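Subject: Structure handover

Hello,

Here is the structure you were waiting for. Please open it first, then read the notes below.

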Amino acid sequence: MLTDIETVLIPRQRIAHRLKELSAQIARDLDDLPDEAEIVLVPILTGSIIFLADLIRQLPQKIRIEVVTVAGYPGKSMTSRGPQIIGALPDDLKDKHVLIVDDILDSGGTLRLIREKLASRQPKSLRACVLLRKQRQSALDTPCEYVGFDIPDVFVVGYGLDYNNYYRNLPDIGTLRKEAL
Ligand code: XMP
């Protein structure tokens, strides 16, 4: 599997280091909320699983987790067909402080859609956190409060990100060789 990787863009040590900074920033902001504030993290499956697992263990607050499943890359595709929500969205978000967690901000379609849907549930606050943001205009134009890394506009796998549902278990983030596609 490792031989399918062309370039390691972000090695595991850098991910771990940046996660410490990012989670500290998020934890500080959550600490500023009043004592009675209820916090709900909404991870977008499946790509965010590893990021989520590492992030939440560095947040000392009392938090609830409500997942959302979105499909955007059917089959072996590398181009999104547009995000589709699978199943129900969390509905008990009124007056809660909600943080959306996703793996990557690419076209921005997924985050915009989820933000709009969750906003209709009248949370007290609604923020978003992504591990990666591609350097393309539509990603930069999409509101997102917390960003782990800005990366070039290339297709990446590893640390939860997949191609055809493979490579999520790679500890580093990298690009794939043409032969693996
Ligand atoms: P959009 O375009 O809606 O994309 O911002 C967000 C979702 O699309 C997936 N995605 C990727 N998955 N490598 C991947 O493995 C990529 O380079 C990539 N770009 C987008 C991802 O699931 C993300 O949540």
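**What was found**

Val-147 sits in strand β8, which spans residues 146-151. Bear in mind that this is a predicted model. Is Val-147 buried or exposed? Val-147 has a relative accessible area of 16%. The cut-off for buried is under 20%, so Val-147 counts as buried. Arg-18 is 129 residues away from Val-147 in sequence. In space, their C-alpha atoms are 10.0 Å apart.

**The ligand**

Start with the shell. The ligand is surrounded by 16 residues. Asp-103, Ser-107, Thr-110, Val-156 and Asp-162 are the closest of them. By class, the shell holds seven nonpolar, four polar and five charged residues.

Now the polar contacts. The side chain of Asp-106 places an N or O atom 2.7 Å from a nitrogen atom of the ligand. Gly-108 uses its backbone instead: an N or O atom there lies 2.7 Å from an oxygen atom of the ligand. Gly-109 also offers a backbone N or O atom, at 3.5 Å from an oxygen atom of the ligand.

How much of the ligand does the protein cover? On its own, the ligand has 500 Å² of accessible area, and the protein covers 92% of that. Two or more shell residues come from each of β6 (97-105) and α3 (109-119). The most come from β6, which gives four residues.

**The second largest pocket**

This one is worth a separate look. The second largest pocket holds about 230 Å³ of space. Its lining has 14 residues. Closest to the pocket centre are Asp-35, Ala-37, Glu-38, Ile-39 and Lys-62. Which elements give two or more residues to the lining? They are α1 (12-31), β2 (39-45) and β3 (63-65). Sorted by class, the lining has seven nonpolar, one polar and six charged residues.

**A buried glutamine**

Look next at Gln-61. Gln-61 belongs to the loop between α2 (49-56) and β3. Its relative accessible area is 14%, so Gln-61 is buried. What does the side chain of Gln-61 reach? It reaches the backbone oxygen of Ala-27, at 3.0 Å.

**Backbone points to check**

A general reminder before the list. Most residues other than glycine have a negative phi, and most peptide bonds are trans. Three places in this model depart from that pattern:

- Leu-45 and Thr-46 are joined by a cis peptide bond, with omega at about 5°. Thr-46 lies in the loop between β2 and α2.
- Gln-122 is not a glycine, yet its phi is positive, at about 55°. The loop between α3 and β7 (125-134) holds Gln-122. Gln-122 has 48% relative accessibility, so it counts as partly exposed.
- Tyr-159 also has a positive phi, near 50°, and is a residue other than glycine. Tyr-159 is in the loop between β8 and β9 (173-176). Its relative accessible area is 6%, so Tyr-159 is buried.

**Two more pairs**

Ile-114 is part of helix α3. Is Ile-114 buried or exposed? At 0% relative accessibility, Ile-114 is buried. Ile-114 and Gln-84 are 30 residues apart in sequence. Their C-alpha atoms are 10.0 Å apart in space.

Asp-141 lies in the loop between α4 (137-140) and β8. With a relative accessible area of 46%, Asp-141 is partly exposed. Arg-112 is 29 residues from Asp-141 in sequence, and 10 Å from Asp-141 in space, C-alpha to C-alpha.

**In brief**

The ligand has 92% of its accessible area covered by the protein. Its polar contacts include Asp-106 through the side chain, and Gly-108 through the backbone. The second largest pocket has a volume of about 230 Å³. On the backbone side, keep in view the cis bond between Leu-45 and Thr-46, the positive phi of Gln-122 and the positive phi of Tyr-159.

Best wishes

Methods:
Residues are numbered from 1 along each chain as its sequence is written. This is a predicted model: local features need pLDDT of at least 70, side-chain atom pairs count only at pLDDT 80 or more; totals for chains, interfaces and linings use all residues. Side-chain values use heavy atoms; hydrogens and water are left out. A residue is near a molecule or strand if one of its heavy atoms lies within 4 Å of it. A polar contact is a pair of N or O atoms within 3.5 Å; within protein, one must be able to donate a hydrogen and the other to accept it, and residues adjacent in sequence count only if both atoms are side-chain atoms. Accessible areas come from the Shrake-Rupley method with a 1.4 Å probe; for residues, only the protein chains shown count as cover. Ala, Val, Leu, Ile, Met, Phe, Trp, Tyr, Cys and Pro count as nonpolar, Asp, Glu, Lys and Arg as charged, and the others, Gly among them, as polar. On a 1 Å grid over the protein atoms alone, a cavity is a set of points where a 1.4 Å probe fits but cannot get out, and a pocket is an open set with protein on both sides within 12 Å along at least five of seven lines; lining residues have an atom within 4 Å of a point. Grid points are joined across faces, edges and corners, and a volume is the space filled by probe spheres set on the points. Buried means under 20% relative accessible area, exposed over 50%, partly exposed in between (1.4 Å probe, protein chains only).
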